[in-house]
Every structure is written in C-alpha cells, then in structure tokens.
Amino acid sequence: MFHRFMRRHDTTDIVMWLIGFGLLAAVIYGSFVTLSSGKYDASVWLDFTIFGLAQGSVYALIALGYTLVYGILFMINFAHGEVFTGGVFTAYFVAIALENSGFIERHWVLSLLILMAVAMTVSVLVAVVLERIAYRPLRGAPRLVPLITAIGASFFLQYTYRGIYGSGIKTYPDFPALDGKLNMFGREWPILTVQALVIVVAALMMIFLYWYVQKTKAGKAMRAVAEDKEAAALMGIDVDRVIVNTFALGGSMAGVAGILYALLFKQVNAFMGFIPGIKAFTAAVLGGIGNVPGAMLGGLFLGIVESLGPSLILDGLGIPSPYQLKDAIAFTLLVLVLIFRPSGIMGERLSEKKA
Amino acid sequence: MTLLKLDNIHTYYGNIHALKGISITVDEGEIVTLIGANGAGKSTTLKTISGLLYPRQGKVYLNDEVLTKHAAHEIVKMGVIHVPEGRRVFARLTVMENLEMGAFTRKDKGGIQQDLDRVFELFPRLKERRSQVAGTLSGGEQQMLAMGRALMSNPRILLLDEPSMGLAPVLVDLIFDTIRELNEQGMTILLVEQNALLALDVANRGYVLETGVIALAGDAKELANDPQVKEVYLGGA
Ligand SMILES: Nc1ncnc2c1ncn2[C@@H]1O[C@H](COP(=O)(O)OP(=O)(O)OP(=O)(O)O)[C@@H](O)[C@H]1O
Ligand SMILES: [Mg+2]
C-alpha cells in the first residue's frame with residue numbers, strides 16, 4: 001500500500017503537498033483564532049469584503065488584458081502594467097485641468113466619462129504600438145524571446161513616463177460627489193460611494209467584454225484565431241488585425257481600470273502599474289490563463305483574499321503588522337496555484353487544448 | 001474556360017524544394033484530382049494556392065487575376081476556399097459559430113442565410129448539432145462541418161485536402177456523393193486524395209504528383225487504366 005503510493009508520487013510531490021497542507025492548516029488556524037477572539041465585529045468584515053471587491057474589480061479588468069493576449073499569442077505581455085499606467089497617468093493632467101476649471105464639481109459624471117475616454121485612448125494606443133513594434137516582429141521566435149522583450153518594454157515605458165510626466169507621486173483630484181457612504185433610495189448603505197461606482201463600472205465593462213467575445217463576429221473571430229491561426233486565415237480572417245484588436249480590447253479594459261484605481265487610491269506615478277500588473281497577472285493565472293471568466297473571478301477572488309487575509313489569517317497567527325504582508329499573500333497564492341493547479345481554478349477547458 | 005491556373009510553381013520549406021515547377025489548370029465546372037504518395041507535395045500545392053505558402057517562383061491565377069501576391073485571407077474573398085488536411089474545425093466554437101466563420105468575409109445577410117440552408121440540406125446532421133461544440137463531433141461530422149464551413153464563403157472553387165482521411169467506408173461514400181452533388185450544382189473542385197481509385201472515379205481529369213513534379217496528367221478514366229498508375233496507386237490489378 002505504502003510502496004504503491006511511493007511509486008506513484010516522487011519525493012518532491014510529497015514535500016509540496018506537505019507545504020500545501022501546512023499552509024492550509026495555518027490559514028484555518030489563523031482564521032479560527034482571529035474569529036474566536038472577537039477582535040473585529042461583523043461590520044468590519046463587511047468593510048474589508050467590499051474594499052476587496054472594489055480592488056478585485058480593478059485587478060479583474062487588468063487581468064483580462066493578460067488573459068486575452070495569452071489566449072491568442074501564448075505569451076505573457078509583461079508590459080501590460082505599463083499599458084495601465086499610460087492611460088491613467090495621461091488622464092491625470094486632464095483631471096487637473098477639469099478640477100481647476102471647477103468642471104469636476106459641476107459635472108462629475110461627464111468628467112469621469114472624459115477621463116475614462118482619455119485613459120482608454122492612451123492605453124489602447126500604448127498596447128497597439130507595443131504589439132506592432134515589440135511583439136509582431138518576434139511572432140515566429142521561441143517563446144522566451146517575446147517574454148524578455150516584454151520585460152524590456154515594461155522598463156522602457158516606466159522610464160518614458162517618468163521622463164515625460166515627472167518622477168514624483170501625484171495626487172489625483174477628488175470627486176466630491178463620491179465622498180462618503182452611498183446614499184440611495186432614501187437610506188445610507190454600508191458601502192462607500194466610490195467603491196460602489198468602481199464595482200458597477202467594472203461589472204459593466206466585464207459584461208460588455210463577455211458579450212463582445214461570445215456574441216459578436218469580431219469576438220468569434222478572436223476565439224477562432226486563438227484556436228488555430230492557419231485555419232482562421234483560410235476562413236478569410238485577417239489574423240494580424242484580430243491580434244491588434246485583442247491588444248486594443250485589453251488596453252481599453254486597462255484604461256478604465258486605471259481611472260477606477262485612481263478613484264480608489266487617489267495617486268499616480270510612473271511606476272504605479274508594476275504591482276497591480278503583477279497582481280492582475282496572478283489573478284489571471286488563478287483563474288486559468290487564457291480563460292476570460294477565469295480572469296474575472298481570479299481578480300475578484302484575489303482582491304478579497306488580499307483585503308481579508310491580513311486581519312483574518314495573519315493577525316490570528318500572531319504576526320505583527322499584518323498589513324505590511326498584504327502583497328506576500330498574493331504571491332504566496334500565485335506560487336501555490338502554480339504548484340497545485342497550474343491550469344487555474346477554471347482551467348479544465350484550457351487543458352483540452354494541446355498548445 | 002480555365003478558372004484556376006498554376007504556372008511553373010516552385011515552393012520551398014527553407015531549403016527543402018517541395019514543388020519543383022508545377023503547372024496545373026482547372027476549368028470551370030470541373031473536378032480535377034491531384035493524387036500521389038505521402039510527401040509528394042499535394043498539400044503543399046493547395047497551401048500555395050490558398051496563400052498559406054508563397055512560391056519562390058511561378059504564379060497562381062484565378063481567371064486573369066494573380067493570386068500569388070495576396071495574403072491568405074484576401075484570397076478567400078476572391079473566391080478560393082481551402083478545406084485543409086485534418087479538417088481543422090474550431091473545436092471550441094459551436095457548429096453554428098464555425099459556419100459563421102466560414103462566412104466571415106461576407107456582408108450579404110440574405111445570401112449567407114441561403115447558403116446556410118443549403119449546407120444544412122447537404123448535411124442534415126450539422127443542423128441537428130448546430131449548438132454543439134465542434135470538438136465533440138465525430139470525425140465524419142467534423143469533415144462535414146469543414147466542408148460546410150468552406151461552402152459558407154460562397155466560393156468559386158473548392159480545394160479539398162484528403163476529405164476521406166480516417167473515415168469509415170460509409171462516410172467516405174457520403175463525402176464523395178456530396179462532392180459529386182456539389183459539382184452537379186456547378187461547383188469547381190480541386191481534390192487531393194490518397195484514395196486514388198475513388199478520386200479518379202469522381203474526377204474529370206487528374207494529375208499524378210511525384211516528389212514535387214507532375215509525373216502524369218490526363219483524363220481521369222485514362223489515368224485509372226494506366227498500367228503505371230494501376231501498379232503504384234491502385235494496388236496492382
Ligand atoms: N512545414 C514543413 N517544413 C518542412 N518540410 C515540409 C513541411 N511540410 C511539408 N514538408 C515537406 O514537403 C514535402 C511535401 O509535403 P506535403 O505535405 O505537401 O505532402 P503530401 O503530398 O500532402 O503528403 P500526405 O499525403 O502525407 O499528406 C514533404 O517532403 C514534406 O516532408
Ligand atoms: Mg497532405
């Protein structure tokens with residue numbers, strides 16, 4: 001019995017499983033201690049969850065860019081974080097102008113739409129230029145080559161933004177209409193107005209994207225190209241154009257994500273895309289890279305885990321200043337998924353594909 | 001009238017000289033078959049016509065238009081459709097979505113609907129399976145889908161690469177009956193086959209390809225009775 005078990009699983013496997021179970025036990029123990037200590041009451045947990053959802057919506061939107069591009073080119077566009085930065089950072093200057101003229105105060109919805117339009121345009125432009133200049137010439141190259149190029153492009157863009165827009169941290173203008181708790185239908189809801197807005201806008205974008213990919217002719221062509229480029233070309237589909245479309249779609253999601261991020265966190269700088277970029281990549285892997293609903297769920301899941309994790313798990317384990325370890329949670333999760341379920345949560349469908 | 005013409009085509013894979021000066025013509029309304037052993041260059045010929053490969057020398061003409069300078073997706077719009085070896089349906093798209101992709105280059109809604117009805121009439125099985133994901137179809141159904149998808153582009157010429165490959169005899173008959181039926185409706189067809197007997201039976205004319213050169217050409221009936229062809233491709237007799 002034991003021998004048969006040993007024959008089927010080598011030592012690394014067993015060590016990995018032990019680590020996994022150890023971490024799981026720590027998570028359960030930590031949560032149990034925190035909850036039974038009664039340190040936080042229910043409304044705090046609700047706040048954490050809502051914040052997690054809002055932040056997760058932003059991750060989800062960025063994650064879609066990774067997953068769409070991966071689905072078609074089997075490459076990780078590591079410069080996608082900078083696609084996100086380009087939009088929101090450029091829109092910052094428009095936002096300042098709108099604030100100074102008092103426009104934000106008078107027409108906040110219109111202001112928001114303008115900022116989103118600007119951010120989307122710039123992000124789409126960065127994504128498309130990146131594809132054209134950095135990735136398309138390497139289409140036939142071994143997979144490591146575009147990956148390294150993407151990392152190079154990421155640095156190039158970060159320092160370009162710093163050169164053009166300056167190196168300091170800039171504070172995004174405030175939207176007074178979004179301050180405080182949400183007041184609607186004659187009562188106050190236990191959610192900040194800005195969080196509600198972020199969640200709703202992100203949800204609308206995701207519904208639009210899902211509809212686009214599933215129902216429109218361009219979306220179907222995208223899925224066809226993702227499966228078999230040669231067969232798609234034989235159907236009269238311009239594969240290069242579909243690839244550009246894919247980058248543009250990912251860019252537009254990143255552009256909106258940028259503005260939502262600025263609403264939540266109120267600051268921008270040239271390097272701001274790096275961490276959310278890696279988090280979103282984690283979310284995409286979590287959901288099964290290449291899988292659109294997976295990226296959405298992965299983003300939300302990661303946002304919530306990151307928001308609840310420090311107080312729920314780390315606090316209970318007696319770890320001092322748990323909030324400092326917020327980022328560690330995301331990356332521990334990434335490593336765990338890569339070890340135990342490389343195809344991600346929604347990955348069954350991915351494994352059908354031989355690619 | 002000549003619809004498709006290959007004039008002295010040389011195609012390479014890197015240094016491999018796969019087609020060594022091939023000239024073929026297909027007249028409007030004809031079935032022409034291209035037979036030959038494994039590795040003779042049959043698929044390479046079709047890929048050169050449909051634009052997946054560029055010939056290093058020589059030109060492909062459709063009527064008087066030169067196809068060779070166009071990309072594969074543009075050639076589809078000009079009326080040439082290629083059903084590749086191994087069917088290559090989009091496994092994760094539904095039958096209906098696959099058919100829609102066949103009509104990708106078209107804008108005429110009415111015409112598309114008409115062709116969809118025609119495809120469903122030709123392959124009633126596809127109609128039953130229209131919302132099923134193509135990857136779950138049987139081999140024969142996938143071949144029907146690959147052909148149906150091609151017809152959705154409303155082509156002037158159909159290039160078929162080994163449509164009978166891996167199919168049970170009943171299904172092979174069904175596919176060949178369909179080829180005949182399509183031809184009777186006026187479709188021009190260039191058919192690549194391993195099964196030379198069946199191919200020469202359905203075709204008007206044939207070419208025998210041997211390691212990148214045309215070894216024999218002529219009337220299908222005559223080729224079928226040619227002692228050399230009999231020896232090599234029809235298993236003696
Ligand atoms: N992608 C490729 N790279 C290099 N050589 C290739 C490639 N594809 C085909 N060849 C070579 O070109 C020649 C012709 O191949 P082709 O696929 O056209 O043959 P075929 O007649 O279709 O054979 P089959 O009946 O097996 O399908 C063969 O020698 C083959 O090895
Ligand atoms: Mg072949």
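Of the 14 residues around ligand 1, which come nearest? In this predicted model, they are B:N38, B:K42, B:S43, B:T44 and B:Q194.

**View 1. Polar surroundings of ligand 1 in chain B.** Oxygen atoms of ligand 1 are approached by both backbone and side-chain atoms of the protein. An N or O atom in the side chain of B:T44 is 2.4 Å from an oxygen atom of the ligand. For B:S43, a polar side-chain atom lies 2.7 Å from a ligand oxygen. B:A40 contributes a backbone N or O atom, at 3.2 Å from an oxygen of ligand 1.

**View 2. Coordination of the magnesium ion, ligand 2, by chain B.** The ion is coordinated by OG of B:S43 and OE of B:E85, at 1.9 to 2.0 Å. These two residues are 42 residues apart and link distant parts of the chain. B:S43 belongs to helix α1 of chain B, whereas B:E85 sits in the loop between β6 and α3 (95-102) of chain B. B:S43 counts as buried because its relative accessibility is 18%, under the 20% limit. B:E85 counts as partly exposed, with a relative accessibility of 34%. B:S43 thus appears in two views: its side chain coordinates the magnesium ion through OG, and a polar atom of that side chain lies 2.7 Å from an oxygen atom of ligand 1.

**View 3. The open six-stranded sheet of chain B.** The strand order is β6-β7-β8-β3-β9-β10, and the pairing is mixed. Strands β6 (80-83) and β10 (213-219) of chain B form the edges, each pairing on one side only. On average, neighbouring strands are turned by 15 degrees against each other, direction ignored. Within the sheet, β7 (residues 157-161) and β8 (residues 188-193) of chain B run parallel and are joined by five bridges. B:L159 has B:L190 in β8(B) as its bridge partner.

**View 4. Helices packed on the sheet of chain B.** Helix α1 (residues 42-50) of chain B lies across β3 (31-36), β6, β7, β8 and β9 (205-210) of chain B. The helix α1 runs at about 150 degrees to β7(B). Helix α6 (residues 139-151) of chain B also packs on the sheet, where it touches β6 and β7 of chain B. The direction of helix α6 makes about 170 degrees with that of β6(B).

**View 5. Surroundings of B:E141 in helix α6 of chain B.** B:E141 counts as buried, at 4% relative accessibility. Its side chain makes a polar contact of 2.6 Å with the side chain of B:R125. Leaving aside residues up to four places away in sequence, B:E141 touches B:R125, B:L126 and B:R129.

Key:
Residues are numbered from 1 along each chain as its sequence is written. Chains are lettered from A and ligands numbered from 1 in the order in which they are written. This is a predicted model: local features need pLDDT of at least 70, side-chain atom pairs count only at pLDDT 80 or more; totals for chains, interfaces and linings use all residues. Side-chain values use heavy atoms; hydrogens and water are left out. Two strands pair if DSSP finds at least two bridges between them. Helices (H or I, at least four residues) and strands (E, at least two) are DSSP runs, numbered from the N terminus. Axes are lines fitted to C-alpha atoms, for helices over the stretch in contact, and angles run from 0 to 180 degrees between N-to-C directions. Contact means heavy atoms within 4.5 Å. Donors are N, O and S atoms within 2.8 Å of the metal (3.2 Å for Na, K and Ca); water is not among the atoms, so sites may look incomplete. Buried means under 20% relative accessible area, exposed over 50%, partly exposed in between (1.4 Å probe, protein chains only). A residue is near a molecule or strand if one of its heavy atoms lies within 4 Å of it. A polar contact is a pair of N or O atoms within 3.5 Å; within protein, one must be able to donate a hydrogen and the other to accept it, and residues adjacent in sequence count only if both atoms are side-chain atoms.
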